[in-house]
Amino acid sequence: MGTNAKRLVILGAAESGVGAALLGKQQGWEVFVSDGGKIKEEYKEMLNAGGIAYEEGQHTIDKVMNALCVVKSPGISEKVAIVKKIREAGIEVCSEIEFGYRYKGDSKIIAITGSNGKSTTTKLTYHILKEADYDVAMVGNIGYSFARQIAEKPCKWYVMEVSSFQLDDIKDFKPDVAVLLNITPDHLDRYDYKFENYVASKFLIIKNQNKNDHFVVNKDDKAIHDYITKHSIHAQTIYFTMSDNNIGNEGGQISGDHLNILYNGENLNMSIHDLAIKGKHNQYNSMAAGISARIAGVRKEKIRESFLGFEGLEHRLEYIATIRGVEYINDSKATNVNSVWYALESMKKPVVLILGGQDKGNNYGEILDLVKEKVKAIVCMGLDNKPIHDAFDGVVETIVDTNNAKDAVLASYAVAESGDVVLLAPACASFDVFKNFEDRGRQFKEAVRNL
């Protein structure tokens, strides 16, 4: 069986895989989708409706190996046998954002990456462009996949959240505006536990950019700074920072209580207290989104309005309720230690912290000082709570063990007093007990509402 001139094989049938399948079919490819696990009903329906052949629970070697191009789901590791086989055979492997990019026409892309704050910044940037009546879609890790959006409803602008996994298999993908928020150790299991591999992966976002493109980047991040001093950047670089060394330069800057965005000779200046989303990390996210919107041509008055009215994300420092004087906050999206640092940093009351889940080799030392300062009790919520005990026994007086959301909320309710805040910020992946961080957040919210 020879290789079909236009045979597209897709590994993984979730949002990105199905999106690539629909786009491939539309563009005249012969498409086959292969998923090693089970395919969700909604995605099966989409594949059936599109007349696309698929298999689940296995990868049939000869149906995969005769591809001209393989689109690999970002969740599938390079260490998987079928991926190794494909690589050895020299078959082209591309990510879904790369495949989508080939069919994007003359649309423009704002792509956002970083270890933390991606979703909030993506949603905020999209919100600003939408409020300014742009023909825009929010795609990537949030919303529809890029390829599916192009297949079903192409737009002039795409605001895209991209992970390092999605960037690993790009060739020509090039955003008009690339945003890099921060880089902290995360997912190191996928990068042979080498931080520099993960950093290099994030920087692929600017690999193909040229002098007509823009790179919007956090000047205060050490890993980013170290990389930039050693590598040449071809795009126009625009910084955002919290230090005073950017005053008078283009870009974003927080000075005292004021956020400034200077671009094209115009300065947008507003009080940080007027931002709808709170916390230091959201000031960074707001600068990044505001600069991107200015580059896209949005007027500064429109940006200011959007900043005032923006609703944050579900599961990201989401206020749920106050019960007997205790506030409950859902930050289920805090899946790494750095996210918890940001969450604690923005807390003004004594904290009962709910931690735990599937630990990706966390270094809790990073939050030790903040925990000493702000946390009165820790409630563990996972199947293996040993790493948390190892880090905080003797530091925090009360540590309680639970292994589900309901018990964690009941235990928190028992130790919290009026004037405290109960914060779910697990620092871990959720797959030990829950389907995903959304499921964890919803179960937490339900348990709080049942108190």
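Two strands count as paired here if DSSP finds at least two bridges between them. With that in mind, welcome to a set of close-up views of a predicted model.

**View 1. Strands β17 and β18 pair in the parallel sense.** Let us start with a pair that clears the bar just given. Strand β17 covers residues 351-355 and strand β18 covers residues 375-381, and five bridges link the two. To find your place in this view, look for Leu355, whose bridge partner in β18 is Cys380.

**View 2. Six strands make an open sheet with mixed pairing.** Stepping back from β17 and β18, we meet the sheet that holds them, in the order β15-β16-β20-β17-β18-β19. Which strands form its edges? They are β15 and β19 (398-402), and each of these pairs on one side only. From one strand to the next, the twist of this six-stranded sheet averages 20°.

**View 3. Five strands make an open sheet with parallel pairing.** Reading across this sheet, the strand order is β3-β2-β1-β4-β5. Why do β3 and β5 each have one side without a neighbour in the sheet? Both β3 (53-56) and β5 (92-94) stand at the edges with a single partner strand, so one side of each is left open in this way. The twist in the five-stranded sheet averages 20° from one strand to the next.

**View 4. Strand β4 runs parallel to edge strand β5.** Here we zoom in on one end of the five-stranded sheet. Strand β4 takes in residues 69-72 and is joined to β5 by three bridges. A handy landmark is Cys69, which has Glu92 in β5 as its bridge partner.

**View 5. Strands β13 and β14 form a hairpin.** After the parallel pairs, here is an antiparallel one: β13 (residues 258-263) and β14 (residues 266-271) are paired over six bridges. Across the hairpin, Asn260 stands opposite Asn269 in β14. How many residues lie between the two strands? There are two, and Asn264 in the turn has a positive phi of about 60°.

**View 6. Helix α6 packs with α11 and with α12.** The angle between two packed helices and the distance between their axes are the usual way to describe such a contact. For α6 and α11 the angle is about 40°, and the axes are 9 Å apart. For α6 (residues 118-131) and α12 (residues 300-309) the angle is about 125°, with the axes 9 Å apart. Are α6 and α12 parallel or oblique to each other? Angles over 145 degrees count as roughly antiparallel and those from 65 to 115 as roughly perpendicular; α6 and α12 are therefore oblique to each other. The pair α6 and α11 is therefore oblique too. As for handedness, α6 passes α11 in a right-handed crossing, and the crossing of α6 and α12 is right-handed.

**View 7. Helices α16 and α17 pack against each other.** This view shows α16, residues 405-415, and α17, residues 437-449. Their axes lie 8 Å apart, at an angle of about 50°. Angles under 35 degrees count as roughly parallel; α16 and α17 are therefore described as oblique. The crossing of α16 and α17 is right-handed.

**View 8. The second largest pocket has a volume of about 760 Å³.** Its lining is made up of 27 residues. Which of them are closest to the centre of this pocket? They are Ile277, Lys278, Gly279, Leu317 and Ser346. At least two lining residues come from each of α11 (280-295), β15 (318-323) and β16 (326-330). Among the contributors, α11 has the largest share, with three residues. Sorted by class, the lining of this pocket has eleven nonpolar, seven polar and nine charged residues.

**View 9. The largest cavity has a volume of about 110 Å³.** How many cavities of 30 Å³ or more are there? The count comes to three, and this view shows the largest one. Its lining residues include Asn116, Gly117, Asn182, His281, Tyr284 and Asn285. Also in the lining are Arg316, Leu317, Asp331, Ser339, Tyr342 and Ala343. The elements giving two or more residues to the lining are α11 and α13 (337-345). By class, the lining of the largest cavity has four nonpolar, six polar and two charged residues. Do look out for Leu317, a residue in the lining of the largest cavity that is also among those closest to the centre of the second largest pocket.

Notes:
Residues are numbered from 1 along each chain as its sequence is written. This is a predicted model: local features need pLDDT of at least 70, side-chain atom pairs count only at pLDDT 80 or more; totals for chains, interfaces and linings use all residues. Side-chain values use heavy atoms; hydrogens and water are left out. Helices (H or I, at least four residues) and strands (E, at least two) are DSSP runs, numbered from the N terminus. Axes are lines fitted to C-alpha atoms, for helices over the stretch in contact, and angles run from 0 to 180 degrees between N-to-C directions. On a 1 Å grid over the protein atoms alone, a cavity is a set of points where a 1.4 Å probe fits but cannot get out, and a pocket is an open set with protein on both sides within 12 Å along at least five of seven lines; lining residues have an atom within 4 Å of a point. Grid points are joined across faces, edges and corners, and a volume is the space filled by probe spheres set on the points. Ala, Val, Leu, Ile, Met, Phe, Trp, Tyr, Cys and Pro count as nonpolar, Asp, Glu, Lys and Arg as charged, and the others, Gly among them, as polar. A crossing is left-handed if the near helix is turned anticlockwise from the far one by less than a right angle, and right-handed if clockwise.
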